[in-house]
Amino acid sequence: LYIIANPGQFADNWLEALYPWIGGFFVLGSILGVLIAVPLYLRLIKAPIFPIMDLAGLYAPVLQAIARLGCLGAGCCYGAAAPGLWWAITFTHPGSNAPCNIPLHPTQLYISIASLLIFFILQASAKKLLARPGALLFLYLMLENISRITIDLWRGDREPFVASLFQGSVQLSQAQLYALITLAVACCGFIIVWFKKSTAPK
């Protein structure tokens, strides 16, 4: 997904697209990759898809919360300038991906905290939602994309992408646009599985 959104970065050497160690790419791309590859594999081995994906969705926010601490250390996914903000963070190392010596919104921590909140919401809802296979997965996707759309407003590395759908009145980053699409699909999925007959044990 990162390569599709930033093709110019790989124009000189497309092989770099196969070098994930030189950059983190998009978290949303990882989520979409899992949503495509894992169900295909589970179907191949004749394993139940939604119950397993529900468990993956339940614990994915914990992994994301930890991963964002790596983003903070590297200075990627940095926030917009925030002079006067007492909890702003200032990067000073020249090797950082973030601009140095400027107070910035700690968006990496915002996302990490949001992921932990999502985890607690899912934990609190798990007993009820697991009776409807797929509901927990779709709730995770809904909350994750709402978090991404919201927190990206404070990102300093986002490039506005004017969608003609809004006739230029709303500027979204490409990541926010992808998140909106995924959110819409997740909402539809949640509604479908929610109104299916419950499989809870009698």
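Select cysteine 77 to start the tour: this residue lies in the loop between α3 and β1 (89-90). Keep in mind as you click that you are looking at a predicted model. Is cysteine 77 buried or exposed? Its relative accessibility is 13%, so cysteine 77 counts as buried, the limit for that word being under 20%. Look at the backbone here too: cysteine 77 has a positive phi of about 55°, although it is not a glycine.

Now jump to lysine 46, which sits in the loop between α2 (27-44) and α3 (49-74). Here again you meet a positive phi in a residue other than glycine, with a value near 60°. Switch on the surface to see how lysine 46 is placed: its relative accessible area is 77%, so lysine 46 is exposed, a word used for values over 50%.

Next, select alanine 67, which you will find in helix α3. This residue counts as partly exposed because its relative accessibility is 46%. Add valine 27 to your selection and draw a line between the two C-alpha atoms. How far apart are alanine 67 and valine 27 in space? The C-alpha to C-alpha distance is 9.6 Å, while in sequence the two are 40 residues apart.

Time for the surface. Select Leu69, Leu109, Ile113, Leu116, Leu117 and Phe120 together, and color them brightly. These residues form a nonpolar patch on the surface, and their accessible area together is about 550 Å². Which helix gives the largest share of this patch? That is helix α4 (residues 107-129), which contributes 5 residues. Zoom in on one of the patch members, leucine 116, which is found in helix α4. With 35% relative accessibility, leucine 116 counts as partly exposed.

Now show helix α5 (residues 135-151) and helix α6 (residues 174-194) as cartoons. Two packed helices are described by the angle between their axes and the distance between the axes. For this pair the angle is about 155°, and the axes are 8 Å apart. How do the two helices run relative to each other? Angles over 145 degrees count as roughly antiparallel, and α5 and α6 are therefore roughly antiparallel to each other. Turn the view so that one helix lies in front of the other: the crossing of α5 and α6 is left-handed.

For the last stop, hunt for charges. Side chains of opposite charge can pair when their charged atoms come close. How many salt bridges does the structure hold? There are 3, and you can visit them in turn:

- Select arginine 148 and aspartate 152, whose side chains meet in a salt bridge at 2.8 Å, N to O. Arginine 148 counts as buried at 10% relative accessibility, and aspartate 152 counts as buried at 2%.
- Keep aspartate 152 and add arginine 155: these two form a salt bridge with their closest N and O atoms 3.4 Å apart. Arginine 155 is buried as well, at 11% relative accessibility.
- Finally add aspartate 157, whose side chain meets that of arginine 155 in a salt bridge of 2.7 Å, N to O. Aspartate 157 is partly exposed, with a relative accessible area of 29%.

Leave these residues selected and look at them as a group: salt bridges that share partners join Arg148, Asp152, Arg155 and Asp157 into one network.

Conventions:
Residues are numbered from 1 along each chain as its sequence is written. This is a predicted model: local features need pLDDT of at least 70, side-chain atom pairs count only at pLDDT 80 or more; totals for chains, interfaces and linings use all residues. Side-chain values use heavy atoms; hydrogens and water are left out. Patches are made of residues with over 30% relative accessible area and no salt bridge: like charges are joined within 9 Å, nonpolar side chains (Val, Leu, Ile, Met, Phe, Trp, Tyr) within 5 Å. Accessible areas come from the Shrake-Rupley method with a 1.4 Å probe; for residues, only the protein chains shown count as cover. A salt bridge is a side-chain nitrogen of Lys or Arg within 4 Å of a carboxyl oxygen of Asp or Glu. Helices (H or I, at least four residues) and strands (E, at least two) are DSSP runs, numbered from the N terminus. Buried means under 20% relative accessible area, exposed over 50%, partly exposed in between (1.4 Å probe, protein chains only). Axes are lines fitted to C-alpha atoms, for helices over the stretch in contact, and angles run from 0 to 180 degrees between N-to-C directions. Angles under 35 degrees count as roughly parallel, over 145 as roughly antiparallel, 65 to 115 as roughly perpendicular and the rest as oblique. A crossing is left-handed if the near helix is turned anticlockwise from the far one by less than a right angle, and right-handed if clockwise.
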